[in-house]
Amino acid sequence: MATGSRRWRRHALAVLLGLIPAGSAWSAASCAQGVLEELGWQVAAADIDAPKVHGGPVCERADLRQAQAAGDLRVQLPRQWSEAQRQQWLPTLFDAPATVCAYAFKLGAATRRAPSALQDNDGFRVSALQLGWIGFGAGGAQAKGWERFRSFGRGYQPAGANSAALQTFYDGRVRAECGVGRQVAQLATQRELYGDAAFDREFSADELSIGTFLTLHETDSILLGRHAGAFLADGKAKKTAQRGRQAFVGTPGFIEHVFERAYLDDINNQAENFVVVDVSDAAARALREHDGFAHYDQINRRIWSLAQRMPGPGPRRFERLLIERDPIWRREVPAEQQPLLKELDALLDDPFYQGFLIYVHPRGIRPIGYHIARLLDRNPRTPFAIELGLHNLHTTLYRRWIDARLRQCDSPPAAFLKDNTTTEQR
């Protein structure tokens, strides 16, 4: 039987079962509208001559509910438009900045789920004793759903189902440094965004490669390889800061030493690779006011300079003083250093340091101020700077998700039947 005939019969059966309205046409327009409405757009017909679109500052909102309550994501189409006109026009909304920001709400929820699961796995750790870049432990990579394509643990890709391979990092025993932790968090976010079935279907094994960053450039990696597509390069976050808080969520980045390598005392803490998990409204406003990270690099330098004037014993001294604010440790700070401590407190109380939450393996999800203070202990002879990495979250990966959703609803009667028929009917 021809594909068209099968689709028509599924459609007819869905109508008989009452799963879709009679006369419904699963056109590109209705499919596009469905995806847009899934993202939060409210589409209405009106007695107007041309479409009226109000996207609104969606990326500045806390969530979709707040955006819709503020009147964002509303579009009116001329009532007299034909199906062909709707079909031609509606997909143009996928290019609207408000739509990309509405997608960022879904991406943000997926980002929060993925690092939360990774940080809850005590078996996903760092070890200086592992033999390769990534250590899969007993049984090796194949037993954990991965296959090696580069020596010394520098490159792996899923050996079977993509979701099963990522699950290893959710509940298995694996050792890797923070760069791999960032890659895994990024891929796990895509898993959470798509769901396991679609994640397994939409990505090839090579697209989900993990390993050294140099290795990824030689693969089809969706993060940094041949299939990554168009990147956003915004190292100091000037553009991202102007877009709003949701534009940061899910983006990769790193905290890196400013002075040359000779000034490092702890080579294993020379940088912190991160994924942004959440940004408070106050942190977003501070970033916009100061035009991104460059201002905070200067503050980091001031924090480091003050710490240089506060010598004292203890491997976690500044972590205890500035993050935990341990009253015993703070009482033991000499009187002449108390004004310095007070100034450090004030600097780290900035909304950016408190409300810009990042995931760093194996430290979990913490405010970025935690890492700035922690690095004063680990590498006290150099200040640190903050950068966003290259990413394609709002370009290639956004379009891939949209295209996947459009393909999924291209033949919805089958999906409806799968989701709604009873066990007896099956």
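**Disulfides, cavities and a small sheet**

Counting bonded cysteines along the chain, the disulfides follow the pattern 1-4, 2-3. The model is a predicted one.

User: How many disulfides does the structure hold?

Analyst: There are 2 disulfides in the structure. One is formed by Cys31 and Cys409, and the other joins Cys59 to Cys101.

User: What makes Cys31 and Cys409 a disulfide?

Analyst: The sulfur distance does. The sulfur atoms of Cys31 and Cys409 are 1.7 Å apart, and the cut-off is within 2.5 Å, so the pair counts as a disulfide.

User: How do you know that the link of Cys59 and Cys101 qualifies?

Analyst: Same test again. Here S to S is 2.0 Å. Since the cut-off is within 2.5 Å, Cys59 and Cys101 pass as a disulfide too.

User: Which parts of the chain does the Cys31 and Cys409 pair tie together?

Analyst: Cys31 lies in helix H2 (residues 28-39), while Cys409 sits in the loop between helix H19 (396-408) and helix H20 (412-420), so the link ties together parts 378 residues apart in sequence.

User: And where do Cys59 and Cys101 lie?

Analyst: Cys59 is in the loop between strand E2 (52-54) and helix H3 (64-69), and Cys101 is in helix H5 (residues 97-119). That pair also links distant parts of the chain, 42 residues apart.

User: Is the link of Cys31 and Cys409 right-handed or left-handed?

Analyst: Right-handed, with 85° about the S-S bond. The link of Cys59 and Cys101 is left-handed, at -100°.

User: Why is Cys409 called buried?

Analyst: Cys409 has a relative accessible area of 19%. Buried means under 20%, so Cys409 makes the cut. Its partner Cys31 has 9% and is buried by that rule as well.

User: Are Cys59 and Cys101 buried or exposed?

Analyst: Cys59 comes out at 2% relative accessibility, so this cysteine counts as buried. Cys101 is at 7%, and is buried as well. Going beyond the disulfide pairs discussed above, Cys178 has 11% and so is also buried.

User: How many cavities of 30 Å³ or more does a search of the whole structure find?

Analyst: The search finds 2. The largest has a volume of about 120 Å³, and the second largest has about 60 Å³.

User: What lines the largest cavity?

Analyst: The lining has 17 residues; Gln186, Leu223, Gly250, Pro252 and Leu393 lie nearest the centre. Helix H8 (residues 178-194) gives the largest share, 5 residues. By class there are 8 nonpolar, 8 polar and 1 charged residues.

User: Which residues line the second largest cavity?

Analyst: Among them are Asn300, Trp304, Ile372, Leu375 and Phe384. Helix H13 (294-308) and helix H18 (368-378) each supply at least two residues, with the largest share, 3 residues, coming from H18.

User: Why is Asn300 in that lining called polar?

Analyst: Asn is on neither the nonpolar nor the charged list, so Asn300 falls with the polar residues. Overall, the lining of the second largest cavity has 6 nonpolar, 3 polar and no charged residues.

User: What makes E4 and E5 edge strands?

Analyst: In the open sheet of 3 strands, the order is E4-E8-E5, with mixed pairing. Strand E4 (124-125) and strand E5 (134-135) each pair on one side only, and are the edge strands.

User: How do you know that E5 and E8 pair?

Analyst: They share 2 bridges, and pairing takes at least two, so E5 and E8 count as paired. The sense is antiparallel, and Gly135 stands opposite Arg175 in E8.

Notes
Residues numbered from 1 in each chain as written. Predicted model: local features only at pLDDT ≥ 70, side-chain atom pairs only at ≥ 80, totals over all residues. Heavy atoms only, no water. Helix = DSSP H or I, 4+ residues; strand = E, 2+ residues; numbered from the N terminus. Buried < 20%, exposed > 50% of the residue type's maximum accessible area, 1.4 Å probe, protein only. 1 Å grid on protein atoms, 1.4 Å probe; cavity = no way out; pocket = protein on both sides within 12 Å on 5 of 7 lines; lining within 4 Å. Points joined across faces, edges and corners; volume = space filled by probe spheres on them.
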